[in-house]
Structures are given as C-alpha cells and as structure tokens.
Amino acid sequence: MQWWMPMGAVALAYAVGSLSFAVLVSRLMGLSDPRTYGSKNPGATNVLRSGNKAAAALTLLLDAVKGWVPVWVVGQWGAAWGLGDGTLAAVGLAAFLGHLFPVFFRFQGGKGVATAAGVLLAFEPWLGVAVLASWILIAGFFRYSSLAAIVAAVFAPFYYWFGDGAAWDVRGPVGLAVAAMSLLLLWRHAGNIQRLLAGQESKIGSKKGGTAR
C-alpha cells in the first residue's frame with residue numbers, strides 16, 4: 001500500500017463532508033441562507049424553520065449521504081488497495097469533521113447529527129438503525145431535536161460495544177471513531193444542553209424567529 005492512499009481517502013472524505021447542503025439546498029431553492037436566521041446553524045432542523053419542509057428533508061438526506069458514501073466506498077473497495085479498519089474509521093471521522101468545520105464555508109459548519117447517522121449506517125447498518133430509532137423516539141415524544149441528538153450520541157458507543165458478537169464484530173478503530181463522534185456531538189450541543197436545563201430550547205418546527213441552536 002502506498003502511504004498516500006489512506007491520506008488521500010481521508011482528505012477526500014473531509015472534502016465531501018465539507019459540502020454544506022443546508023446552504024446549497026437553500027440557495028438552489030431560493031431560500032434565505034440558514035446561517036442568517038433561527039439558530040444560524042447550517043443544518044436540516046434550522047432549514048425547517050424556513051417553513052420549507054422539502055428543503056429540510058433534502059438537506060437531511062444529503063447530509064446523511066455525505067457521511068455514508070465515503071465510508072461505504074472504503075468498506076466496499078478499500079481492501080483491494082490495502083485500506084483497513086483504521087482507514088475506514090478515519091474516513092468516517094473525517095467526513096463528520098468536514099460537516100463541523102467545512103473548508104468550503106470558512107470552517108463554520110453544523111452540529112453533524114445527520115452526517116454522523118450516515119457514517120454509523122455505513123460502519124454497521126444495524127448500529128445506524130438503533131441510533132436513529134433512539135433519535136426518533138426521543139424527538140417524537142419530547143419534540144426537541146437537540147435532546148434527541150444528545151441521547152442518541154450518548155447511546156451510540158454503548159450500542160456499538162454491546163453489539164459485539166451478536167449483531168456485528170467490534171473493530172477497535174471503528175469503536176474509537178464512534179466514541180469520538182459522540183463526544184464531538186455533545187460538545188457541539190453544549191449550548192442546547194444549557195437551554196434545555198433552563199427551559200428555553202425551541203421545539204421541532206419552530207419558525208425563523210426562534211433562537212435555539
């Protein structure tokens with residue numbers, strides 16, 4: 001294996017992750033830049049505050065796909081090029097970091113929930129399903145997107161490690177990547193945690209004037 005292959009795969013994954021679809025979809029659909037209203041966060045939840053559900057759904061899908069594709073590609077064809085579990089894990093983390101700190105958008109990115117979900121689905125489909133089910137359950141019951149993301153982030157590493165030998169075989173580098181993404185998600189939601197505790201967080205579907213992040 002050439003030394004540049006894993007580095008190239010990680011760099012490409014970061015570049016793909018840096019595509020801020022909240023901004024791009026809003027531009028294509030003639031909507032306001034999501035960084036200028038609501039939470040000012042370039043993510044699907046904030047795009048939903050524009051009132052355009054189609055734009056929000058498309059943003060959510062594309063943000064997840066950009067996390068899924070790089071990992072899936074390495075998982076499918078990486079072995080032929082000598083790319084192992086370490087590269088697979090690094091590619092997933094790079095795509096996630098691209099969303100958080102996008103090189104094409106002055107390193108001002110979103111929270112990374114949908115992209116993390118895409119990465120997890122590519123790592124282990126049933127892991128992704130379990131984490132998404134947790135998000136849907138909490139979001140549906142409490143109506144707080146941030147709370148759902150926080151709970152899902154906390155559960156994700158435990159799901160992965162406790163699934164060893166039953167649903168999948170744990171791979172150390174992948175486990176570390178899952179834990180790192182969970183910690184970063186909690187860090188990105190620090191403000192949300194404070195507002196949740198203060199009873200000031202906006203619920204799913206609040207309009208442009210909302211201040212939740």
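Is Ser-50 buried, partly exposed or exposed?

**View 1. Ser-50 and its exposure in the predicted model.** Ser-50 is partly exposed, because its relative accessible area is 22%, and buried would require a value under 20%. The residue lies in the loop that joins helix H3 (44-48) to helix H4 (53-77). Pro-34 stands 16 residues away from Ser-50 along the chain, and the C-alpha atoms of these two residues are separated by 8.1 Å.

**View 2. Polar contacts made by the side chain of Ser-50.** The backbone oxygen of Val-47 is reached by the side chain of Ser-50 at 2.6 Å. The side chain of Ser-50 also reaches a backbone nitrogen, that of Asn-52, at 3.2 Å.

**View 3. The crossing of helices H2 and H4.** Two packed helices are described by the angle between their axes and by the distance between those axes. For helix H2 (residues 21-28) and H4, the axes come within 9 Å and cross at roughly 140°. H2 is therefore oblique to H4, as an angle must be over 145 degrees to count as roughly antiparallel. The crossing in which H2 passes H4 is right-handed.

**View 4. Residues in the contact of H2 with H4.** From H2, the residues Phe-21, Ala-22 and Val-25 take part. On the side of H4, they meet Ala-55, Leu-58, Thr-59, Leu-62, Asp-63 and Lys-66. Sorted by class, this contact of H2 with H4 has 6 nonpolar, 1 polar and 2 charged residues.

Note on methods
Residues are numbered from 1 along each chain as its sequence is written. This is a predicted model: local features need pLDDT of at least 70, side-chain atom pairs count only at pLDDT 80 or more; totals for chains, interfaces and linings use all residues. Side-chain values use heavy atoms; hydrogens and water are left out. Helices (H or I, at least four residues) and strands (E, at least two) are DSSP runs, numbered from the N terminus. Buried means under 20% relative accessible area, exposed over 50%, partly exposed in between (1.4 Å probe, protein chains only). A polar contact is a pair of N or O atoms within 3.5 Å; within protein, one must be able to donate a hydrogen and the other to accept it, and residues adjacent in sequence count only if both atoms are side-chain atoms. Axes are lines fitted to C-alpha atoms, for helices over the stretch in contact, and angles run from 0 to 180 degrees between N-to-C directions. Angles under 35 degrees count as roughly parallel, over 145 as roughly antiparallel, 65 to 115 as roughly perpendicular and the rest as oblique. A crossing is left-handed if the near helix is turned anticlockwise from the far one by less than a right angle, and right-handed if clockwise. Contact means heavy atoms within 4.5 Å. Ala, Val, Leu, Ile, Met, Phe, Trp, Tyr, Cys and Pro count as nonpolar, Asp, Glu, Lys and Arg as charged, and the others, Gly among them, as polar.
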